[in-house]
Amino acid sequence: MPAMKKFFQSDGLSRLVDSLLPIFATLAALLLGAVMLFLLKVNPIEAYKALWDGAFGSTNAFAETLVKATPLLLVGLGICISFRGDVINIGGEGQMIIGAILATWVGLTFTGLPGWLVVTLSMIAGFLGGAIWGGIPGVLKAYFSVNEILSTVMMNAIAVQLMNFLLRGPMIDPSQAELSSKIPQTARLLEIFRLPRLAPTRLHLGALIAVALAVLVYILLWRTTLGYRIRAVGQNPHASRYAGIKVQRYIVLALLLSGAFSGLAGATQVFGVNYRMITDGSSSGFTGSAGFNGIVAALFGQLHPIMTIPASILFGALLVGANKMQRVVQVPSALVIALNGLVVVFVVSIEFLRRRRQRRRLAAAKQNDESPPSPEPLKQLETGT
Amino acid sequence: MISELFSVTVLIGILASGIRLATPYLYASIGETFGQRSGVLNLGVEGQMLLGAFAAFFVALTTGNLWFGVLAAMIVGALMGLLMAFVTVNLHAQQGISGIGFYLFGLGMSDLLFQKLMGTVETVKGFPPLKIPFLSNIPGVGEIFFNQNILVYGAYLLVPAAWFVLNKTTLGLKIRSVGENPDAADSLGVSVARVRYFTIILGGVLSGIAGASLSIALLNVFQQNMTSGLGFIAVALVYFGGWRPWGVLGGALLFSMVNSLQLWIQVLGIPIPSDIAVMMPYVLTILVLVATVSRVRAPTALTRPFERED
């Protein structure tokens, strides 16, 4: 028996359990969701089956899941950077909007240039737009000690109004401007400016770009000086300052880069999915709340860019599946938003467990070190093997 | 048209609606002030407000009693606060992030319940204006301050009450000490956990009332995501007000007066694009944050979970 105990306390297994903790968190949230469904007098099994079918039931369903996962992953990558730098960026929504606006402007303005060039320039414009919208709160935090949570929230509200203003006025579709309906939307992008799709599905090149960028962000964070410094500042700004790192600069960079990825997410939504910008007056009307859900995905992926890929697919699946669930068992898809919230709460709560287990492991290791070296046979005797 | 803005009736209108619009911010921000002074950042205010707004509206609609609605909002807020307290105090969860979780939960849950229990947008007859005898007869001032509904008065009475509790009572001293130096407070026998539970639940209750003030006193409807960022602004106002109730009052008034001005600009048809006008309070808040924040120091233990050294 002690052998078994030893096995369950072994380092490898303990780490394995740690890495599975987010899965437990999701299962717990789904279980609570089942209780809610039960209270709403809906058969939870039927509802979750519809959700699964909606997300993975067919090639097209899975493609839709990936389409939905793409902005989550891009926003999530930015979140990995900023949260690693201990900067809480809640401005994903606004950064997506500004990125999309700039990209759309490029796409609608330079109609004489070749397609590949305009698409490339538009993606860069989206990246820059998000960088500006993330950089402003970064500067405010670094040099004016304005809390970034607040400034990014304010910047979201400002971005929404800017979008509404532009789509109703300067950027409105010329054909809509003549009509009395005046739907607040831009003109459609030329066909040659659209990101290629994997016909017949809506899966577009943006998904591939996002995955490639995930690898790039991993390299950035763990293989470059820039990434190292961002993480150092995040873990201990005081020590970093003593080590000669210009802390303020890296706070700005963390938010700026984080915003840039959200901006790119906005740009790919326009060039890969909708081919135009349209507003219903709210931010979620354009972003589908990806600016928030991307945070959820990144946290779920434990702020690791590569792990954020499956996490994004999971949450993309939940969002797509929710629509099917709504159709089949008449449960509003809002249930999934509530469940996402629970997943976040559970994941951060479980983080505590993980840290405690880590400390125990460390303590155990220390104890082993301190005990006098004993010959191997004796050790085996102790453990009873 | 610009000159209309300066007529006495319009000015009174702007000020009166500014006073009224500050109500939800005051409830939520004062609640958040208590939490932050004890070292806990609650970013879930928006979610608590949405659930409070729905609970108040639904209960008021079905029972016909507005006070039952307020009570329901308080209970829902308290429950959300209790959960938040457990997660942040006992499980040491990262406060900013778990707050976002609670926000998403409230956002989804209030929408879900709305669609399942009501389905369509309905209206309710909210709290009527309550004229204060004599005072409401003072020209101008009476219209601005003393012809509001009862939840508005409550919000303004809350400010001195919060100031008194925080600065003049033992409870307030405990709250502040837990927020500044939890280790010292703990060694003097103050239960950090109990104090934080109290402030987070109080914050939840007040956020619930803030939601109720929207759905059954100011707007008298419930819609999905009707707070649209109001709860986050309320958190910002706490920083803005330097963690002091009177400062919070100043911030809430400034924000809502600018908001009221922008609404009136639209009503009067002054040619400023409405989207740009709506943007103004947010831009202003950022600017004022830049100007003020560096002067006031945040509670030292803000966002830091407390763990006793063994």
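# Close-up views of a two-chain predicted model

**View 1. Buried residues of helix H7 in chain B.** Helix H7 (residues 170-180) of chain B has B:Lys174, B:Ile175, B:Ser177, B:Val178 and B:Gly179 as its buried residues. Here "buried" means that 20 or more other C-beta atoms lie within 10 Å of a residue's own; with 12 or fewer the residue is exposed, in between it is partly exposed, and the C-beta atoms are placed from the backbone. Helices are DSSP runs of H or I with at least four residues, strands are runs of E with at least two, and both are numbered from the N terminus. The buried residues of H7(B) pack against four helices of chain B: H1 (8-37), H6 (150-168), H8 (182-187) and H9 (192-218). Two residues count as being in contact if their C-beta atoms, again placed from the backbone, lie within 7 Å.

A quick word on ground rules for every view. This is a predicted model, in which local features need pLDDT of at least 70 and side-chain atom pairs count only at pLDDT 80 or more, while totals for chains, interfaces and linings use all residues. Residues are numbered from 1 along each chain as its sequence is written, and chains are lettered from A and ligands numbered from 1 in the order in which they are written.

**View 2. Chain B as the setting for H7(B).** Zoom out a little and chain B turns out to have 12 helices and 2 strands. From the N terminus, these elements run α-α-α-α-β-α-β-α-α-α-α-α-α-α. The radius of gyration of chain B is 20 Å, close to the 19 Å that the globule rule gives for 310 residues, so chain B is as compact as a globular protein of that length. (The radius is taken over C-alpha atoms, and the rule is 2.2 Å times the number of residues to the power 0.38.) Of the 310 residues, 52% count as buried. As for confidence, chain B averages a pLDDT of 90, and 97% of the residues score at least 70; pLDDT is the predictor's per-residue confidence, running from 0 to 100. The model as a whole scores ipTM 0.87 and pTM 0.87.

**View 3. The side of chain B that touches chain A.** Across this interface, 41 residues of chain B are in contact with 38 residues of chain A. On the chain B side, the elements giving two or more residues are helices H4 (95-118), H10 (230-240) and H12 (274-292). H4(B) gives the most, with 16 residues. Sorted by class, this side has 27 nonpolar, 11 polar and 3 charged residues. (Nonpolar covers Ala, Val, Leu, Ile, Met, Phe, Trp, Tyr, Cys and Pro; charged covers Asp, Glu, Lys and Arg; the others, Gly among them, are polar.)

**View 4. B:Val278 in helix H12 of chain B.** B:Val278 lies in H12 of chain B. With 19 other C-beta atoms within 10 Å, B:Val278 is partly exposed. Leaving aside neighbours within four places in sequence, B:Val278 is in contact with A:Gln161 and B:Gln262.

**View 5. Helix H4 of chain A and its kink.** Switching chains, H4 (residues 59-84) of chain A has 26 residues and reaches 36 Å from first C-alpha to last, close to the 38 Å expected at 1.5 Å a residue. The expected span is 1.5 Å times one less than the number of residues. A kink of about 30° lies at A:Ala69, shortly before the proline A:Pro71; the bend is the angle between axes fitted to the seven residues ending at a residue and the seven starting there. H4(A) is mostly covered, as 21 of its 26 residues are buried. Just after this helix, A:Asp86 takes a positive phi of about 60°.

**View 6. Helix H5 of chain A.** The 18 residues of H5 (residues 92-109) should span 26 Å at 1.5 Å a residue, and its end C-alpha atoms are 26 Å apart, which agrees. Of those 18 residues, 16 are buried, so H5(A) is largely enclosed by the rest of the structure.

**View 7. Backbone oddities in three loops.** The peptide bond from A:Ala199 to A:Pro200 is cis, with omega near 0°. A:Pro200 sits in the loop between H8 (174-178) and H9 (205-223) of chain A. A:Ser289 has a positive phi of about 60° although it is not a glycine; its place is the loop between H13 (284-287) and H14 (290-300) of chain A. A:Ser289 is buried, with 23 other C-beta atoms within 10 Å. B:Asn220, also not a glycine, has a positive phi of about 60°, and is found in the loop between H9 and H10 of chain B. With 16 C-beta neighbours inside 10 Å, B:Asn220 counts as partly exposed.
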